[in-house]
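Student: Could you walk me through the charged pairs in this one? I'd like to start with what the term actually covers.

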Amino acid sequence: MRLPNNRFSLFLLFLLFIAGVAMIVIPMISQQQEISADDNIYALLAEEIRAQAAETQETEDMPEVSQQEETESEPEETESPTEEPSETEAITAEDEEPADEFYVVEPVHAAEITEESAQDDETEEFEEQSTSEPMQPAQTKKPLQENAAATTPKPSAKPQNAATDNKDYVAWLTIPGTVINYPVVRSDRTDYYLHHLITGQQSKLGTLFSLTTSDYETPSQNIAIYGHHLSNSTAMFSTLLQYKNESYWKSHQTIQLNTIYGKRTYRIFAVLNHTVSDWDASTASFKDDNAFLKFVNRARKKAFYDTGIEVSETDHIITLITCDRSFGGVQGRLLVMGVEQ
């Protein structure tokens with residue numbers, strides 16, 4: 001009778017083991033799916049930015065060509081006001097039916113309409129499509145092409161989407177050859193952006209952010225950008241830890257920062273660990289050149305390897321900051337620092 005009892009006990013232990021594993025694995029899988037879905041939101045935003053930037057470039061180029069062609073063709077199409085029509089043309093003009101009979105006025109859903117606006121229906125429809133700048137009064141007897149050239153909106157310098165519409169949006173950060181391709185906000189609401197996407201959705205990914213001490217417009221001599229390191233994920237700044245290996249740095253030395261004030265490119269000169277209590281790696285401005293060089297040299301001395309890249313007292317740098325619990329526990333940080341080229 002003991003054999004069946006032993007089998008039953010073993011079966012219960014096996015069930016408990018399976019249940020314990022499931023309690024650990026299922027939440028991990030669910031979390032990874034959530035992270036992957038949220039990271040895909042950033043990927044879609046990046047695609048929108050890239051497509052809109054390309055469209056904006058085409059829009060900037062096209063008007064110049066069309067205006068030039070229009071200017072060249074105008075002398076050929078314009079007739080001299082003093083030239084009198086030939087006898088054949090005069091007869092043809094007399095035999096033609098009145099022009100008004102060839103125009104069909106579409107129904108207008110409005111209470112009133114003036115005679116002038118009815119004549120310029122096509123011109124006004126075109127002008128309503130442009131909202132980026134105030135419209136000039138329509139000239140009723142000008143060709144539609146001329147009005148189109150005058151009212152074509154200028155392309156925006158900043159492509160618009162759910163990321164760039166955020167009032168805190170300041171830049172788009174990319175490290176070519178890596179998965180790092182994310183928007184950056186400038187804000188002191190650190191707790192919010194640690195737990196929310198730039199679109200406002202709550203997420204473990206958060207948003208890359210700079211404190212307001214980092215000046216993107218002037219700019220400050222150091223721009224510091226914070227981002228999450230997530231276990232078992234490549235999202236956000238997780239892959240920065242690969243820069244601990246010199247071979248990885250050799251293949252990924254460039255940081256690109258497309259700010260609302262212009263594009264900047266940096267070359268990574270130091271990768272190092274530090275703890276929060278060591279020093280303030282986000283220092284943006286320095287009292288003099290010596291203070292800045294002291295800051296840079298401290299980073300170079302603590303770096304994992306010598307990159308051989310020099311930084312002068314007049315240079316501007318960028319500092320990417322993420323967690324690294326393998327160094328200093330919860331206080332551990334990894335810094336990837338680049339100098340502007």
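Tutor: A salt bridge here is a side-chain nitrogen of Lys or Arg within 4 Å of a carboxyl oxygen of Asp or Glu. Please keep in mind that this is a predicted model, and that in it Lys-167, Asp-168 and Arg-189 are linked in a network of such salt bridges.

Student: How many salt bridges does a search of the whole structure find?

Tutor: The search of the whole structure comes to 4 salt bridges.

Student: Back to that network, then: how far apart are the closest N and O atoms of Lys-167 and Asp-168?

Tutor: The closest N and O atoms of Lys-167 and Asp-168 are 3.4 Å apart, while the salt bridge between the side chains of Arg-189 and Asp-168 has an N to O distance of 3.2 Å. The Arg-189 and Asp-168 pair links distant parts of the chain, 21 residues apart, with Arg-189 in the loop between strand E2 (181–186) and helix H6 (190–193), and Asp-168 in the loop between helix H5 (144–151) and strand E1 (169–174).

Student: And is Asp-168 buried or exposed?

Tutor: Asp-168 counts as buried, because its relative accessibility is 10% and the cut-off for buried is under 20%. Of its partners, Lys-167 is exposed, with a relative accessible area of 71%, and Arg-189 is partly exposed at 39%.

Student: Let's move on. Which side chain does Lys-244 meet in a salt bridge?

Tutor: The side chain of Lys-244 meets that of Asp-324, at 2.6 Å from N to O. Lys-244 lies in the loop between strand E4 (222–226) and helix H7 (246–251), and Asp-324 in the loop between strand E7 (317–323) and strand E8 (332–340), so this pair ties together parts that are 80 residues apart in sequence.

Student: How accessible are Lys-244 and Asp-324?

Tutor: Lys-244 is partly exposed, with a relative accessible area of 26%, whereas Asp-324 counts as buried at 1% relative accessibility.

Student: Okay, zooming out: what does the secondary structure of the protein chain come to?

Tutor: The protein chain has 8 helices and 8 strands, and 33% of its 341 residues count as buried. Among contacts in the chain with a separation of 6 or more, 62% are accounted for by residues 24 or more positions apart.

Student: Last one: what share of the area the protein chain exposes do carbon and sulfur atoms supply?

Tutor: Carbon and sulfur atoms supply 52% of the exposed area, which is about 21900 Å² for the protein chain.

Methods
Residues numbered from 1 in each chain as written. Predicted model: local features only at pLDDT ≥ 70, side-chain atom pairs only at ≥ 80, totals over all residues. Heavy atoms only, no water. Helix = DSSP H or I, 4+ residues; strand = E, 2+ residues; numbered from the N terminus. Buried < 20%, exposed > 50% of the residue type's maximum accessible area, 1.4 Å probe, protein only. Contact = heavy atoms within 4.5 Å. Areas by Shrake-Rupley, 256 points an atom, 1.4 Å probe, with all protein chains shown as cover.
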